[in-house]
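Here's a quick briefing to read with the model open beside you. It goes from the overall fold to charge pairs, a helix packing and a few backbone oddities.

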Amino acid sequence: MAQLRPGREVVVAGVGLHPFGRFPDKELSDLALEAVVESLKDAGVRWKDIPIAYFGHVYYHGMSLGETTLSKLGLTGVPIVNVENACSSGSTAFWQAYWGIATGIYDMALAFGAEKVPRGPVTVTAEDAPERYIGGDHMMAGYALRARRYMEETGAPATALAQVSVKARQNASLNPYAHRKDIYSLEEVLQSRMISDPLTLYQCCPTSEGAAAAVLCARESLPQYGIDESRAVSIAAAVLTSGEYNGRGADHSAFSPYRTEPAALQAYEMSGLAPEDVDLVQVHDAASIGELQQIESLHLVPFGEAWQATVEGRTALTGDIPVNTDGGLLAMGHPFGASGIRMIHETVTQLRQEAGPRQVTRARVGVAQCSGAGDVTTVHILKV
């Protein structure tokens with residue numbers, strides 16, 4: 001597949017994050033605005049400097065939510081694009097912002113995402129879809145099928161899957177933005193309420209509320225806006241893919257877990273980097289099995305061996321391939337429109353050496369991978 005080539009280098013100049021959790025007293029636009037303002041301050045630019053904005057969200061809270069949010073900063077007449085691409089909505093907004101700058105249309109762009117996800121099981125089909133009546137629409141059931149097959153094919157024990165959640169909670173305990181900061185033992189994870197065998201409650205991400213934002217800029221334009229180039233993080237690759245024909249009959253990554261691989265290969269080619277160059281990675285871990293199969297799809301470990309890498313501590317903060325350093329979806333929570341940009345926020349924070357107690361030593365290259373229903377996948381590679 002032909003890959004678009006960027007015409008100039010694009011960097012992340014600023015990031016912002018509203019904590020993830022439950023905020024019944026706040027409107028969606030309040031969450032989003034807080035993250036946007038933080039990202040503008042971090043970049044050292046003003047709202048009136050932004051020529052275009054992209055807003056990722058999934059659930060309906062009214063039309064033109066991007067416009068509703070940003071109007072509170074002042075009406076400037078710039079184009080504001082509302083993006084819905086399932087759980088990859090935020091990362092798709094970021095991808096669009098990147099290519100708008102890389103192709104020379106804009107010098108700067110704002111990408112932000114926010115969500116207030118309802119409590120309870122997540123559904124992805126239309127209300128009258130047959131899947132709703134036969135159980136095929138329950139996301140954790142799909143992940144459970146993945147887990148069972150993975151365990152059968154690789155010999156991975158249930159304790160290995162649970163260890164992913166133990167690590168996630170340990171990382172989140174060091175992150176003030178995380179939804180779930182309590183640390184759980186392996187036994188507590190395994191004994192938590194069964195959701196879809198073998199996945200227990202603590203192996204499934206919480207539905208959450210929150211927001212994230214990023215300011216992107218052409219590197220050549222940084223002096224024009226007075227942006228501190230020393231804190232700018234380069235975007236080495238920005239890839240968005242959808243599914244291809246699958247003879248097994250499923251077009252969702254919950255049933256076809258290695259769909260990230262084509263996007264990853266494109267990203268490595270675009271960046272000129274290889275898996276062995278990666279110092280840390282954020283992946284879509286809506287369930288514990290997701291993390292294992294995503295890092296295999298990214299070629300960070302051989303297929304079928306991610307569970308061993310987890311048990312050996314290789315994916316921990318002090319390991320050689322730290323994964324989901326902020327707690328990931330499993331502990332940060334999963335406000336759909338915000339999650340993909342939250343991954344960018346964490347990657348930028350790590351590459352700037354600003355992650356505090358969860359800082360990965362000598363981190364210079366980071367990968368952010370986000371999946372969505374409909375077999376959407378984004379892979380971004382950032383570097384300093």
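What share of the contacts in the protein with a separation of 6 or more comes from residues 24 or more positions apart? The figure is 76%. Keep in mind that this is a predicted model.

**Overall build**

- The protein has 13 helices and 11 strands. Its radius of gyration is 19 Å, close to the 21 Å that the globule rule gives for 384 residues, so it is as compact as a globular protein of that length.
- Measure it up along the principal axes and the C-alpha atoms fill a box of roughly 55 × 45 × 40 Å.
- As for burial, 59% of the 384 residues count as buried.

**Salt bridges**

- Side chains of opposite charge can pair when their charged atoms come close. This structure holds 19 salt bridges.
- Take Lys 116 and Glu 209: their side chains meet in a salt bridge at 2.9 Å, N to O. The pair ties together distant parts of the chain, with Lys 116 in strand β4 (residues 108–116) and Glu 209 in strand β7 (residues 209–218), 93 residues apart.
- Both ends of that bridge are tucked away: Lys 116 is buried at a relative accessible area of 16%, and Glu 209 is buried at 8%.
- Glu 153 and Arg 149 also form a salt bridge, at 2.9 Å, N to O. They sit four residues apart in helix α5 (residues 139–154), so about one helical turn separates them.
- In that helical pair, Glu 153 is exposed at 57% relative accessibility, while Arg 149 is partly exposed at 45%.
- Salt bridges with shared partners also build a network, joining Asp 42, Arg 231, Arg 352 and Glu 354.
- Glu 34 and Lys 26 make another bridge, at 3.3 Å, N to O. Here Glu 34 is partly exposed at 36% relative accessibility, and Lys 26 is partly exposed too, with a relative accessible area of 30%.

**Helix α5 against helix α10**

- Two packed helices are described by the angle between their axes and the distance between the axes. For α5 and helix α10 (residues 288–297), the angle is about 65° and the axes are 9 Å apart.
- The α5 and α10 crossing is left-handed.
- Which residues meet there? From α5 come Tyr 143, Arg 146, Ala 147 and Tyr 150, and they face Ile 289, Gly 290, Leu 292, Gln 293 and Glu 296 of α10.
- By type, the residues of this contact split into five nonpolar, two polar and two charged.

**Backbone oddities**

- Look for a cis peptide bond between Asp 197 and Pro 198, where omega is about 15°. Pro 198 is in the loop between β5 (194–196) and β6 (199–200).
- His 299 has a positive phi of about 65°, although it isn't a glycine. You'll find His 299 in the loop between α10 and α11 (306–311), where it is partly exposed with a relative accessible area of 31%.
- Gln 353 is another non-glycine with a positive phi, again about 65°. Gln 353 lies in the loop between α13 (336–351) and β10 (365–372), and at 41% relative accessibility it counts as partly exposed.

Conventions
Residues are numbered from 1 along each chain as its sequence is written. This is a predicted model: local features need pLDDT of at least 70, side-chain atom pairs count only at pLDDT 80 or more; totals for chains, interfaces and linings use all residues. Side-chain values use heavy atoms; hydrogens and water are left out. A salt bridge is a side-chain nitrogen of Lys or Arg within 4 Å of a carboxyl oxygen of Asp or Glu. Buried means under 20% relative accessible area, exposed over 50%, partly exposed in between (1.4 Å probe, protein chains only). Helices (H or I, at least four residues) and strands (E, at least two) are DSSP runs, numbered from the N terminus. Axes are lines fitted to C-alpha atoms, for helices over the stretch in contact, and angles run from 0 to 180 degrees between N-to-C directions. A crossing is left-handed if the near helix is turned anticlockwise from the far one by less than a right angle, and right-handed if clockwise. Contact means heavy atoms within 4.5 Å. Ala, Val, Leu, Ile, Met, Phe, Trp, Tyr, Cys and Pro count as nonpolar, Asp, Glu, Lys and Arg as charged, and the others, Gly among them, as polar. The radius of gyration is taken over C-alpha atoms; the globule rule is 2.2 Å times the number of residues to the power 0.38.
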